[in-house]
Amino acid sequence: MQSFSKRLTKLRKERDLTQAECAKLNHLQRSTYAGYEIEDKTPSFETLCLLANFFGVTTDYLLGISNVRTHNDAVFINNSNNFVERYEKLPNELKPLVLSSFDAFYSLLSHDMMQKNQERLKLYAELFSLIEKKRANIRTSIEGNTGSDPLFISTLMTEQTTFKNEVSGVLDRLMQTDLGNAAQKPSHALTKKSAM
């Protein structure tokens, strides 16, 4: 693990800042900030938090205690570990269903992760979040209603229709993104012709 001073120096250089610029942006004296980088000075807890927030990292990362840079990274790692634990506790007959769902999810994201396609990844995040939230709302509504009240059924069907329309809207935007990306690629015929 890197020490606090090395992590601090690395983060500053990633931002392409001088020590003086970094000190000014964090309302510190240049000499104080320089002391942190040469292990001459130790920041207060408040300053440590300020620097971690400025660089968008956890205090544990900045101190060299952990290699997990952000809180989101920590959540992702914890969720991944929890998923594996829950999967291992499943009855064997349910495991293929979970694997199939996970494989489909991974396949959707994998290509765009490798291509670093921010637009499509944002749309997938919106789609999955929409499905998770709307399905939870519908499930909660059903669980909270004990009868077959026609008004409740009508309200539920309206909520379901709205949900389907919102999902369709995101899927349409995904297709538009795919069509836009396809239009930007040169066709094989044009490539061959220009090579001649």
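In which helix is the place of T177? In this predicted model, T177 is placed in helix α9, a helix that comprises residues 150-184. The residue is buried, its relative accessible area being 6%, a value that falls under the 20% limit for that class. When neighbours within four places in sequence are left aside, the contacts of T177 are with E119, R120 and L123. Helix α9 also holds N181, which counts as partly exposed at a relative accessibility of 22%. With residues up to four places away in sequence not counted, N181 touches N117 and R120. R120 thus appears among the contacts of T177 and again among those of N181.

A further threonine, T47, is located in helix α4, which covers residues 45-55. T47 counts as buried, with a relative accessibility of 12%, and it touches L28 and Y36 when residues up to four places away in sequence are not counted.

The aromatic residues were examined next. A search of the whole structure finds five aromatic pairs. One of these is formed by F105 and F128, whose ring centres are 5.0 Å apart and whose planes make an angle of 55°, an arrangement classed as tilted. Because F105 belongs to helix α7 (residues 95-115) and F128 to helix α8 (residues 118-143), this pair ties together parts of the chain that are 23 residues apart in sequence. F105 is partly exposed, with a relative accessible area of 37%, and F128 likewise counts as partly exposed, at 25% relative accessibility. F128 also pairs with Y124: the ring centres lie 6.0 Å apart and the planes meet at 15°, so this pair is stacked. Y124 and F128 are both in helix α8, where four residues, or about one turn of the helix, separate them. Y124 counts as buried, its relative accessibility being 11%. Through these ring pairs F105, Y124 and F128 are linked into a cluster.

Aromatic rings are also involved in two arrangements with arginine side chains. R7 lies over the face of Y61, at 3.9 Å from the ring centre. In the other case, the charged end of R15 sits over the ring of F54, at 4.6 Å from the centre of that ring.

The pockets of the model involve one member of the aromatic cluster. The largest pocket encloses about 510 Å³ of space and is lined by 13 residues, among which F76, N79, S80, F102 and F105 lie nearest its centre. Helices α6 (71-89) and α7 each supply at least two residues of this lining, and the largest share, eight residues, comes from α6. By class, the lining of the largest pocket consists of eight nonpolar residues, four polar residues and one charged residue. F105, which pairs with F128 in a tilted arrangement, is therefore found both in the ring cluster and among the residues nearest the centre of this pocket, while being partly exposed under the limits of 20% and 50% that bound that class.

The second largest pocket has a volume of about 220 Å³, and its lining is made up of F83, L97, V98, S101, F102 and F105. Here the largest share of the lining, five residues, is contributed by α7, whereas in the largest pocket the largest share comes from α6. The class composition of the second lining is five nonpolar residues and one polar residue, with no charged residues. F102 and F105 are named in this lining and also among the residues nearest the centre of the largest pocket.

Two loop residues were noted for their backbone angles. D16, although not a glycine, has a positive phi of about 60°; this residue is found in the loop between α1 (4-14) and α2 (19-25). D16 is exposed, with a relative accessible area of 69%. A positive phi, of about 65°, is also seen for E39, which again is not a glycine. The loop that holds E39 runs between α3 (30-37) and α4, the latter being the helix in which T47 lies. E39 is exposed, with a relative accessible area of 57%, a value over the 50% limit for that class.

Key. Residues numbered from 1 in each chain as written. Predicted model: local features only at pLDDT ≥ 70, side-chain atom pairs only at ≥ 80, totals over all residues. Heavy atoms only, no water. Phe/Tyr/Trp six-rings, centres within 6.5 Å; stacked < 30°, edge-to-face > 60°. Buried < 20%, exposed > 50% of the residue type's maximum accessible area, 1.4 Å probe, protein only. Lys NZ or Arg CZ within 6 Å of the ring centre and 35° of its normal. 1 Å grid on protein atoms, 1.4 Å probe; cavity = no way out; pocket = protein on both sides within 12 Å on 5 of 7 lines; lining within 4 Å. Points joined across faces, edges and corners; volume = space filled by probe spheres on them. Nonpolar A, V, L, I, M, F, W, Y, C, P; charged D, E, K, R; others polar. Contact = heavy atoms within 4.5 Å.
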